[in-house]
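Here is a structure that may be new to you. Take a look at it first, and then we can walk through it together.

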There are 2 protein chains.
Amino acid sequence: MTEQLYSRPGSRPDRRPRLQPNELRAWKAFLNAQASVLRELEADLVGQERLTLAEYDVLVQLALAPRQELRMTDLWEQVRLSRSGITRLVDRLARRGLTGRRPCPTDRRVTYAVLTAAGRERLRRATPTHLQGVRGYFIARLEPDQLERFTRSLEALASR
Amino acid sequence: MTEQLYSRPGSRPDRRPRLQPNELRAWKAFLNAQASVLRELEADLVGQERLTLAEYDVLVQLALAPRQELRMTDLWEQVRLSRSGITRLVDRLARRGLTGRRPCPTDRRVTYAVLTAAGRERLRRATPTHLQGVRGYFIARLEPDQLERFTRSLEALASR
DNA sequence: GGAATAAAGTTGCTCAGTCAACTATTGCAC
DNA sequence: GTGCAATAGTTGACTGAGCAACTTTATTCC
């Protein structure tokens with residue numbers, strides 16, 4: 001994580017790509033920013049609403065979907081999780097009554113995850129907490145006039 | 001994750017802090033950037049060197065320490081992990097012969113984690129992979145003239 | 001239309017991580 | 001110096017995630 005191993009100044013000419021000090025600083029800042037913001041945000045959400053970020057995200061996706069339901073696969077595309085991760089997450093939410101499952105009549109391979117009334121209500125309650133977190137731990141710490149540039153840099157980092 | 005739940009345009013005046021579209025975009029980009037970069041980087045490191053990022057990080061910290069050893073607590077301060085997480089990570093590395101443990105003679109509560117020769121060698125081998133990852137998935141995707149600003153924004157996000 | 005291939009979803013296994021409880025040792029107060 | 005609080009580290013129980021293997025159903029291709 002620190003200097004020597006990343007760039008040895010004055011060492012031999014080197015085919016290995018080493019990191020410059022400012023690059024290293026950027027990298028560290030990137031790691032720290034993620035850890036910091038997500039940790040704080042998730043702590044609030046779990047502490048106050050018993051929802052992890054991933055669970056919250058699934059509820060949001062369902063709430064936004066046409067009939068408040070999504071095929072597992074579509075959910076998988078929206079949420080950063082493996083297929084089995086989705087299965088289990090929806091399981092968990094279902095056990096708590098926040099989602100349900102509905103088989104698709106036309107394609108018997110597919111299952112819809114459905115937002116229940118309780119799920120909708122839970123989402124409604126959790127949303128202010130989450131938004132306050134995003135505002136407080138993310139937006140508020142950024143210079144408003146840097147937001148645009150910052151966003152573009154972040155977007156450049158996401159692979160295709 | 002998408003618009004309606006974050007800001008309802010034209011709804012009643014509202015004490016709840018909602019997100020503006022550009023703020024939402026920034027937030028999404030932040031999440032995606034993290035997921036993307038870490039996933040790619042870690043996949044390389046695990047695939048080629050059987051080391052997770054956290055394990056790599058611990059090896060680096062030890063390599064940089066004075067006698068290539070650190071108290072568990074100091075390690076804990078450097079690496080984003082719980083105390084027991086550190087214990088177990090060092091355990092795992094020790095089982096693979098990459099670290100050792102040494103009791104402190106003056107304070108019998110403390111244990112030093114020590115980098116072994118094998119650990120040093122493994123780190124040496126893994127470093128190019130990691131650096132290529134950081135360069136390829138992070139630095140290379142950023143505009144050089146934005147790096148400084150980007151770093152400052154990231155640093156602003158890390159809580160004290 | 002039948003065989004091969006692909007897609008959707010779940011399950012078993014394992015792993016890495018957390019929290020809370022615990023032991024052991026040291027430092028501090030008075 | 002005794003007693004209490006703080007510090008260092010580990011352990012147990014549990015959780016959330018991934019991968020690989022598997023079942024079932026749909027699609028494609030000849």
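What follows is a short tour of the protein chains, their core and the DNA strands.

## Before we start

Keep in mind that this is a predicted model, where local features need pLDDT of at least 70 and side-chain atom pairs count only at pLDDT 80 or more, while totals for chains, interfaces and linings use all residues. Residues are numbered from 1 along each chain as its sequence is written, chains are lettered from A and ligands numbered from 1 in the order in which they are written, and side-chain values use heavy atoms, with hydrogens and water left out.

## Chain A at a glance

Chain A has seven helices and three strands; here helices (H or I, at least four residues) and strands (E, at least two) are DSSP runs, numbered from the N terminus. Going along the sequence, you meet them in the pattern α-α-α-β-α-α-β-β-α-α. Of the 160 residues in chain A, 46% are buried, where buried means under 20% relative accessible area, exposed over 50% and partly exposed in between (1.4 Å probe, protein chains only). Among the contacts in chain A with a separation of 6 or more, 51% join residues 24 or more positions apart; a contact means heavy atoms within 4.5 Å.

How confident is the predictor? The average pLDDT of chain A is 89, and 89% of the residues score at least 70; pLDDT is the predictor's confidence in each residue, from 0 to 100. Over residues 1-5 of chain A, pLDDT is below 50, although this stretch has 22 contacts in the model beyond near neighbours in sequence. Residues 10-15 of chain A also stay under 50, and there the model has zero contacts beyond four places in sequence. Where pLDDT is low, the predicted coordinates should not be read in detail.

## The nonpolar core

The largest nonpolar core has 85 residues, and F138(A), W27(B) and F138(B) touch the most other members. Helix α2 (residues 21-49) of chain A gives the most to this core, with eleven residues. A nonpolar core, by the way, is a set of buried Ala, Val, Leu, Ile, Met, Phe, Trp, Tyr and Cys residues joined through side-chain atoms within 4.5 Å.

Which residues does F138(A) touch, not counting residues up to four places away in sequence? They are G133(A) and F150(A), plus A26(B), W27(B), F30(B) and L157(B).

## Two buried spots

E69(A) sits in strand β1 (residues 69-71) of chain A and counts as buried at 9% relative accessibility. Its side chain makes a polar contact with the side chain of R102(A) at 2.8 Å. A polar contact is a pair of N or O atoms within 3.5 Å; within protein, one must be able to donate a hydrogen and the other to accept it, and residues adjacent in sequence count only if both atoms are side-chain atoms. Leaving aside residues up to four places away in sequence, E69(A) touches L62(A), R102(A), Y112(A), A113(A) and V114(A).

Over in chain B, A113(B) belongs to strand β3 (residues 111-115). A113(B) counts as buried because its relative accessible area is 0%. Beyond four places in sequence, its contacts include L62(B), E69(B) and G100(B). A113(B) and G100(B) are 13 residues apart in sequence, with 5.8 Å between their C-alpha atoms.

## Around DNA strand C

There are 23 residues around DNA strand C, and T73(A), T111(A), S82(B), R88(B) and R92(B) come nearest; near means that a heavy atom of the residue lies within 4 Å. By class, this surface has four nonpolar, eight polar and eleven charged residues. Ala, Val, Leu, Ile, Met, Phe, Trp, Tyr, Cys and Pro count as nonpolar, Asp, Glu, Lys and Arg as charged, and the others, Gly among them, as polar.

An N or O atom in the side chain of S82(B) is 2.5 Å from a phosphate oxygen of DNA strand C. For R88(B), a polar side-chain atom lies 2.5 Å from a base oxygen of this strand.

## Around DNA strand D

DNA strand D has 22 residues around it, and S82(A), R88(A), T73(B), R88(B) and R101(B) come nearest. Of the strand D atoms that come within 4 Å of the protein, sugar and phosphate account for 66%. The side chain of R71(B) has an N or O atom 2.9 Å from a phosphate oxygen of DNA strand D, while the side chain of R109(B) has one 3.0 Å from a base oxygen.
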